[in-house]
Amino acid sequence: MAMTRIRVALLPSAVCIAGTDPVLKIKDQQTGEVATDRETGASLYTVTVMLM
């Protein structure tokens, strides 16, 4: 699966805040396998980010 990167131009006054607590990303719901980063092996989390 290809990784998508979206570049966003922000003003210096822009502030990003987390809208939710991080939730562990599950790769396979049936086995409960946790999704990991391909390069580092670190667990991945899902978080909602809000731009203020």
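Select Leu-10 to begin: this residue sits in the segment that precedes strand S1 (16-18). The model is a predicted one. Leu-10 counts as partly exposed, because its relative accessibility is 47%, which falls between the 20% and 50% limits for buried and exposed residues.

Keep Leu-10 selected and add Ile-6, Val-8 and Leu-51; together these four residues make a nonpolar surface patch of about 440 Å².

**Leu-11**

Move on to Leu-11, which also lies in the segment before S1. Is Leu-11 exposed or buried? Its relative accessible area is 63%, so Leu-11 is exposed, the cut-off for that class being over 50%. Now draw a distance from the C-alpha atom of Leu-11 to that of Glu-39: the two are 28 residues apart along the chain, and the separation is 31 Å.

**The whole chain**

Zoom out and colour by secondary structure. The protein has 6 strands and 0 helices, and the order of elements from the N terminus is β-β-β-β-β-β. Along the principal axes, the C-alpha trace spans about 45 × 25 × 15 Å. The radius of gyration of the protein is 14 Å, whereas a compact globule of 52 residues would have one near 10 Å.

Switch to a surface display. The accessible surface amounts to about 5100 Å², and carbon and sulfur atoms hold 57% of it. How many of the 52 residues, as a percentage, count as buried? The share is 2%. As for contacts with a separation of 6 or more, 44% of them join residues 24 or more positions apart.

**Gly-19**

Return to the residue level and select Gly-19, in the loop between S1 and strand S2 (23-24). Gly-19 is partly exposed, because its relative accessible area is 38%. Which residues does Gly-19 touch, once those up to four places away in sequence are set aside? They are Thr-48 and Met-50. Next, show the C-alpha atoms of Gly-19 and Leu-51: they lie 9.6 Å from each other, with their positions 32 residues apart along the chain. Leu-51 has already appeared on this tour, as a member of the nonpolar patch with Leu-10.

**Val-47**

Select Val-47, in the loop that links strand S5 (45-46) and strand S6 (49-51). With a relative accessible area of 38%, Val-47 is therefore partly exposed. Beyond its neighbours within four places in sequence, Val-47 is in contact with Ala-18, Thr-20 and Pro-22. Add Lys-25 to the selection: Val-47 and Lys-25 are 22 residues apart in sequence, and their C-alpha atoms are 9.7 Å apart in space.

**Thr-46**

Finish with Thr-46, which belongs to strand S5. Thr-46 counts as partly exposed because its relative accessibility is 45%. What surrounds Thr-46 when neighbours within four places in sequence are left aside? Its contacts are Asp-21, Pro-22, Val-23 and Lys-25. Pro-22 was encountered at the previous stop, as a contact of Val-47. Finally, display the C-alpha atoms of Thr-46 and Leu-24: these residues are 22 positions apart along the chain, and the atoms are separated by 6.4 Å.

Key:
Residues are numbered from 1 along each chain as its sequence is written. This is a predicted model: local features need pLDDT of at least 70, side-chain atom pairs count only at pLDDT 80 or more; totals for chains, interfaces and linings use all residues. Side-chain values use heavy atoms; hydrogens and water are left out. Patches are made of residues with over 30% relative accessible area and no salt bridge: like charges are joined within 9 Å, nonpolar side chains (Val, Leu, Ile, Met, Phe, Trp, Tyr) within 5 Å. Accessible areas come from the Shrake-Rupley method with a 1.4 Å probe; for residues, only the protein chains shown count as cover. A salt bridge is a side-chain nitrogen of Lys or Arg within 4 Å of a carboxyl oxygen of Asp or Glu. Helices (H or I, at least four residues) and strands (E, at least two) are DSSP runs, numbered from the N terminus. Buried means under 20% relative accessible area, exposed over 50%, partly exposed in between (1.4 Å probe, protein chains only). Contact means heavy atoms within 4.5 Å. The radius of gyration is taken over C-alpha atoms; the globule rule is 2.2 Å times the number of residues to the power 0.38.
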